[in-house]
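Student: Hey, could you pick one part of this model and take me through it slowly? I'd like to see how the backbone details sit in the fold around them.

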Amino acid sequence: MTPEDLAAHIPDGALVALPPDYSLPAMAVVRALIVRKARNLRLLGVPVLGLSADLLIGAGCVAEIETSAVSLDEAGLAPRFTEAAEKGEITVRDATCPAIQTGLQAAEKGVPFMPLRGVLGSDLVKNRPDWKVVDNPMKPGTDPILLVPAVSPDIALFHARWADEAGNVWVGRRRELATMAHASKQCFVTCEEMRPGDMLEDEVLAPGVISSTYITRTAPAIRGAWPLGVAGLYDIDDAHLTRYASGARTREGFQRYLDEFVCTPKKSSSPASLPA
Amino acid sequence: MHAKEELLACVVARLIGEAAHVAVGAASPIPAAGALLLKQRNPALRLSFQHKRRGNPFTEGSRELFDLAGQGRIDVFFLGGAQIDGEANVNLVRAEGRRFPGSFGSAFMYAVVPKVILFREEHSPRVLVPKVEFISAAGNPVALLTGKALFAWQKEKRRFRLESVHDGEDVRELTGFDYDAPQLVPRTPEPSDEDLRLLRGPVAKEMAANYPGFARRVWPGIS
């Protein structure tokens, strides 16, 4: 398996759950999706999105996005998302972070919805007919509370430090990815390194493992999160993000970025050519 | 001499006041610097920076932050806005045809965290509006801090009251919403020498690890 193989198994129109830039994004697969000209993807930001979504939107791969935000953090606004949303080229279903997490938690429990506090004074509620406000049935009197429907993405996609022979993956402290994996119908994971054996037999590693029960496919991808980071291995490439954020403000600048870093196979998928 | 950011960090530290657990969300370097400054004086203060790159406080990402807040285990949080109105509503979604990043966790945090501090460096009629175009989150903050002024929130009147201005400039014309103000508006206290020593020493060092661009800009040569 390669990142390109994973991208080939993500069909057009799929609902794909993606992590934020700081939580192990599978950037090698994102680039491969652009190269394979994926179309009409629906992205679910768990709970926010950054470079991964901006690249896919700019490259025309996305029809709809549900997220709590799209931003490049310190590098500023996500330029391709911003323009596509302003021009109405994509549908944006605005949410708030814990509502997305709650919908996934409902799915992982196999229940149709879960309640969430707060949110009620927000215009988000008016714009989300799929969210319901009910009176807390556990308490007499008036106590309105938001219900969020369960959401089961078609595919969860992220990167990991290791995958093993048993098909497990290790995400360390990024255990929120387990919720995404548990809730999704399929889960595709790239990894820095393959390990022999079964990590679930190692008591020290096991708490950071997502069991093969949930993992559909894995593919090695050295520096597969670049230009984002993997804690303890390599840092976020801040200079690259800053360059992207200013370059991609125009379509032409974005196209030049794609030509240089995404569509040239050597740079997009060959680890040796990536800046160390 | 001090940088504007240093003064704002000192105000943030003062606004946090008595607290056991302060959380800082996305892209909030000045609130982070203020919280770090306070921690220099009160080492028992627990700080949870969602974007901390090394030694992140969470092992279940932002879900853990929101769960903590939902239980009442976070005392102080900061919210910003593309627009903030005179009723303390914040808008992070869209304004004047422009699209902004989105609401993040604001709709939840504003309701469940007891002490929310609104912070936006830009102080202009474009940002501080009579009525936001989209309510990302509504609630009762303790204060609104901008690059020019500090407002307190009067919960009963649902109206801001100007507390102080940072460089003596009148802000009425720069503020799109109406607010109460004393006849003589005091100046915001400047950072003390001790504040500046802490900011330029341990705080700058910690900031450089998580907000490298900000730290380089505010403390060139130090961080």
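Tutor: Sure. A helix here is a DSSP run of H or I with at least four residues, a strand is a DSSP run of E with at least two, and both are numbered from the N terminus. Also keep in mind that this is a predicted model.

With those terms, let's start in chain B, at the loop that links strands β11 (149-154) and β12 (159-165), where you'll find Arg158(B). Its phi is near 50 degrees, so to speak on the positive side for a residue other than glycine. As a rule, most residues other than glycine have a negative phi, and most peptide bonds are trans. Arg158(B) counts as exposed because it has 11 C-beta neighbours inside 10 Å, and the cut-off for exposed is 12 or fewer.

Zoom out for a second to see what this loop belongs to. Chain B is built with six helices and twelve strands. Its radius of gyration is 17 Å, which agrees with the value near 17 Å that a compact globule of 223 residues would have. The C-alpha trace covers about 40 × 40 × 35 Å along the principal axes, and 52% of the 223 residues are buried. As for contacts in chain B between residues at least 6 apart in sequence, 63% link residues at least 24 apart.

Chain B also meets chain A: 35 residues of chain B are in contact with 35 residues of chain A. On the chain B side, the elements that supply two or more residues are α3 (61-70), β7, α4 (106-112) and α6 (212-218) of chain B. By type, that side of chain B splits into 16 nonpolar, 13 polar and six charged residues.

Now cross over to chain A, starting with helix α4(A). Seven of its eight residues are buried, so α4(A) is largely enclosed by the rest of the structure. The buried set is Pro79(A), Arg80(A), Phe81(A), Thr82(A), Glu83(A), Ala84(A) and Ala85(A). These residues pack against α3, β4 (91-94), α8 and α9 of chain A, and also against β7 (98-99) of chain B. After α4(A) comes Gly88(A), with a positive phi near 70 degrees.

One of those partners, α8(A), spans residues 238-247, and its buried residues are Leu241(A), Tyr244(A) and Ala245(A). They cover an arc of only 100 degrees around the axis, so they sit on the same side of α8(A). What they pack against is α3 (51-58), α4 (79-86) and α9 (251-262) of chain A.

The loops leading up to α3(A) and α8(A) have their own backbone quirks. Pro47(A) lies in the loop between β2 (41-45) and α3 of chain A, and the peptide bond from Val46(A) to Pro47(A) is cis, with omega near -10 degrees. Likewise, Pro227(A) sits in the loop between β12 (217-220) and α8 of chain A, and a cis peptide bond with omega about 10 degrees joins Trp226(A) to it.

Strand β12(A) is also home to Arg217(A). Arg217(A) is partly exposed, with 16 other C-beta atoms within 10 Å. Leaving out residues up to four places away in sequence, it touches Met1(A), Leu6(A), His9(A) and Phe188(A). Its C-alpha atom is 35 Å from that of Ser246(A), a residue 29 places away along the chain.

Last stop: a three-stranded open sheet in chain A, with the order β5-β7-β6 and antiparallel pairing. β5 (113-116) and β6 (132-135) of chain A are its edge strands, each pairing on one side only. On average, neighbouring strands are turned by 40 degrees against each other, ignoring direction. Four bridges tie β5(A) to the antiparallel strand β7(A), residues 144-149, and Pro115(A) stands opposite Leu147(A) in β7(A). Helix α5(A), residues 97-109, lies across β5 and β7 of chain A and runs at about 145 degrees to β5(A).

The loop between β5 and α6 (123-126) of chain A holds Val119(A). Val119(A) isn't a glycine, yet its phi is positive, about 70 degrees. Unlike exposed Arg158(B), Val119(A) is buried, with 29 other C-beta atoms within 10 Å.

Conventions
Residues are numbered from 1 along each chain as its sequence is written. Chains are lettered from A and ligands numbered from 1 in the order in which they are written. This is a predicted model: local features need pLDDT of at least 70, side-chain atom pairs count only at pLDDT 80 or more; totals for chains, interfaces and linings use all residues. A residue is buried if 20 or more other C-beta atoms lie within 10 Å of its own, exposed if 12 or fewer, and partly exposed in between; C-beta atoms are placed from the backbone. The arc is that of the directions from the helix axis to the C-beta atoms. Two residues are in contact if their C-beta atoms, placed from the backbone, lie within 7 Å. The radius of gyration is taken over C-alpha atoms; the globule rule is 2.2 Å times the number of residues to the power 0.38. Ala, Val, Leu, Ile, Met, Phe, Trp, Tyr, Cys and Pro count as nonpolar, Asp, Glu, Lys and Arg as charged, and the others, Gly among them, as polar. Two strands pair if DSSP finds at least two bridges between them. Axes are lines fitted to C-alpha atoms, for helices over the stretch in contact, and angles run from 0 to 180 degrees between N-to-C directions.
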